Structure formats: C-alpha cells, structure tokens
Amino acid sequence: MTTTSATPAPTIDGRVKALIVLCVMQLMIILDGTVVTVALPTIQEDLGFSQAGLAWVMNSYLIAFAGLLLLAGRIGDLLGSKRVFVAGLGLFTAASLLCGVATSAEVLIAGRFLQGVGGALASAVILGMIVGLFPAPGEQARAMGVYSFTAASGASIGLIFGGVITQTVGWHWAFLINVPIGLLSLVFAVRVLAGEKGMGLGNGADVLGAVLVTAGLSLGVYTIVQTAEPHASLVRTLVLAVVSVLLLAAFVLRQARLANPLLALHIFRKRQVTVANVVVVLLFAAGFGFQFTTALYVQRVLGYDSLTTGLAFLPAPLMNAVMSLSIAPRLTVRFGPRVMLTAGLAAFFVALLWISQAPVDGSYVVNVAPVLAVMGAGIGLAIPAAIMLAMSGAEPGDAGLASGLNNTAQQAGAAVGTAVLATLAASTTASRLGDGASDVLALRDGYGAAWLAAAGFVLAALVLTVALLLRQSADA
C-alpha cells in the first residue's frame, strides 16, 4: 500500500492549490488535442504533410497516450504519484516546445509521440491523487465536479481557442502556449503536491508484463486509427486486431500467475469498479463521437466556419460548468453517485435522439443549441459520478492503478467511439449518394446515423447502470 512520508498533511488551502495544479495539467492535455485538430489544415500546408500522413499528428499522440496509461498508473503506485506526475508534466512541456519549433513533419510527429508519453504519465495518476486529497464524500464530489468540468468542457473550449490561435498567431502557438503554463505548473507542483513513498519497484516491476500490455494497447489503438487510411484493408485490420488481443490475453494470463502483478486482477472482482469503467468507455465513445460528428454537421451542412463552429459549442461547457461545479456536488451528496449517473445518462440519451432528427436546413436555436445544453448538463452529472464509482470501489493501495485504468477506459472509449461513428457516417453518406441523394442530404443522413449509434452507446450504459449499479450496493 502506498504510504505517505513525514510531510505534514496539506491544509484545505493547500489541497485546493494541489487540485488546481492537477486540473491545469488535465486541461492542457485536452486543450492540446482539440486546438491541434482545428490547426491541422494549416499544419498540412506549412510542413507538406500528405493527407494520410497528416493523421499521424493525432495518431502518434493517441497511440503513446492510450498505450501507456495503464502502465503509468501502476508506476505511480510503485514510485509515488507526485514523482510520476512531475516527470510527466516536465516531459509534456518539453515535447510541446519541440512541436512548437518543428520545421518538418518527422520532428512534429516525434514531438507528438513524446507529448503522449508525458501526458500518460501525468494523467494516469491524477484521479488517484484527487481521491487521496479529498476522501470525504462531499469534498470528493465537489473535487470530481471540478475535474469533470475540466475534462468535459476542455474539448469544446479548445475548438474556440484553436480557431483564434490559428487565425491570429499561427499553429506553432497551439503547442508553444503549453510551455509557460507547463513551467509555472511545474513550480507549483513541486511546492504544493504532497510527497509520497511508493511500494517500490520490487512490488510490481513486471517488465515483461509492461511490454505486453503497452504493446497490446498501442497496437489496439493503432488498429482503430489506421482503418481511416486509404490503403487500409479488412484482412490487415483483422490480423492486427487478433495480434492485439493475443498480446493482451498473454498479459492477463501472466498477471494471474504473479505474486506481485503489474495489474492486480482482483480489482475486477469489484462489480462497481468493473461496471463503472465499462460505462465510462460507452460514455466517452458517445461523447467524443458526438462532438466530432456535430462539429462536421454545423460546418458541412449548416455552413459555419471553424471559429463560428467553436463558438456554437458554448452551451455545452456553460451548462457543464453550472452542473458539475455547482449543482451536481450537492445532488451527489444527497442522492448518491448512482442516481446522478442514471440521470446524466438519461439526459444525454434524450439529447442524442433530439439532434438525430435535425434537418438539412436545421436551425441553431432549435436543433443545435438546446441539444448542446442538455448534453452539457447530462455530462456534468454523469462523468463525475462514473469516476467516483470507479475510484471508490478500489483499495487505497490500488489508487494509481484504478486511476490509470479509468483513464485508459476514457481514451479507449474516445478512440473507438470516434472511429466507429466517423466510419458509420461516411459509409451512410456514401450509400445515400449512391441512391441519388444530394450532397448535403447525404451528409445529414450520415451524421444522423452516427448520432443514433451514439444514443445506442448511452442506452447500453444506462441499462448497465440501472441493472448492476443503481439497484445494488457495491460489492464488499
């Protein structure tokens, strides 16, 4: 079990400062992804990327980030969360500088990969540190509300910043802006985060297991993202998927036989932990896929430019802020996270059904803004509740592992959801064009199919929550 050093327990003021540092890092990670997305066309023109090669500006980061999260969480248990967080924050900041001064495609992709490594190290231990800082249910609900707002609204805010930065000072500043923020955060992280002594590498330094899980997860993410490439084939995709599954299966078998495993499989014996993480996968799959397809809808069907698109998303972060920072913590203390998760998923489901009926000549006031507001409220209820359930079901010594597992669930859901919904939208659009539909109508029908699929993800999460979490208490 992770034990604290002789460092005095932080005061409430110190805990708030620590929470700010942790959330700033999470916000940097999320903002970076969406800001870069908006800047991609300019990056392609400046550095001479091919269309297929441009995807690797995102993919190189995603593969490193998602592939290392689980391992990074366990390293936090072994070496201490503060050490791992500071190392990740430092690497992310240095890699951001490398990306910002890149003059070639190769350097930018290498920098993005290093950003993914640094982001994984820091992000994997954040949830465990928040739980340790705020163990009381009421305080933890409020802290998770702040984290949830950071995680859920950062992407929408990034769309706005991305348009402004790219159109005013250039795409390089999408990365360079992280440098002063990262350096300042490093100073505060060293000063305000409580030092910890981990269990030691001897209590879980499974090198072979680390290689198997990192390779399996990274290959799994690569299998998903490469399906969008023009030369992707079904046979190649199936072979990669099988190899990924075999690597992960080998990892699980190895962990079951070790006295000090990298991934303690007993964590999955807790129904609350397992179900909550599955719900997180489905929730993030629907959420990120919804954002991707909705941004395309307002641009390609309603005719908005990139900056206007970012501004159009404002109802989502605003409602999320009201819900997750003010209303949700009080409701969670009164009714519990299970009820809040159920209510949030139900609201998100309604929002997806609503927008799935948006017409070609849709109105922002009728078909987009209220949907984003309802979705923001639903996410503001659901995400902190799901995270609380996933984290509270784990033992204290597994805090880093549970944090890494939950972050892995978030990234896996985001990657799978975006890939599945984007592919479904594209195939439906192609089919409708073949039937003689106009370009705009075919696009709308493609996005409509994607929104219905996202509603299916949320409905599955809602059923799991009601059947396995709402009506039953956590396993002992």
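A residue is called buried when its relative accessible area is under 20%, exposed when that area is over 50%, and partly exposed in between. This briefing applies those terms to a predicted model. Val 107 has a relative accessible area of 32%, so Val 107 is partly exposed. The points below cover the surface patch to which Val 107 belongs, the helix α5 in which Val 107 lies, and the residue Asn 277 in helix α11.

**The nonpolar surface patch**

- Leu 97, Leu 98, Val 101, Val 107, Phe 113 and Leu 114 together make a nonpolar patch of about 450 Å² on the surface.
- Two helices, α4 (81–100) and α5 (105–133), each supply at least two residues of this patch.
- The most is given by α5, which contributes three residues.

**Helix α5**

- Although Val 107 in α5 is partly exposed, the helix is mostly covered, with 21 of its 29 residues buried.
- At 1.5 Å a residue, the 29 residues of α5 should span 42 Å, and this agrees with the 41 Å between its end C-alpha atoms.
- A bend of about 35 degrees occurs in α5 at Ile 126.

**Asn 277 in helix α11**

- Asn 277 is placed in helix α11, which comprises residues 271–301.
- The relative accessibility of Asn 277 is 8%, and therefore Asn 277 counts as buried.
- Apart from its neighbours within four places in sequence, Asn 277 is in contact with Ala 390, Leu 405, Asn 406 and Ala 409.

Terms used: Residues numbered from 1 in each chain as written. Predicted model: local features only at pLDDT ≥ 70, side-chain atom pairs only at ≥ 80, totals over all residues. Heavy atoms only, no water. Patch = residues over 30% accessible without salt bridge, like charges linked within 9 Å, V, L, I, M, F, W, Y side chains within 5 Å. Areas by Shrake-Rupley, 256 points an atom, 1.4 Å probe, with all protein chains shown as cover. Salt bridge = Lys/Arg side-chain N within 4 Å of Asp/Glu carboxyl O. Helix = DSSP H or I, 4+ residues; strand = E, 2+ residues; numbered from the N terminus. Buried < 20%, exposed > 50% of the residue type's maximum accessible area, 1.4 Å probe, protein only. Expected span 1.5 Å × (residues − 1). Bend = angle between axes of the 7 residues up to and from the residue. Contact = heavy atoms within 4.5 Å.
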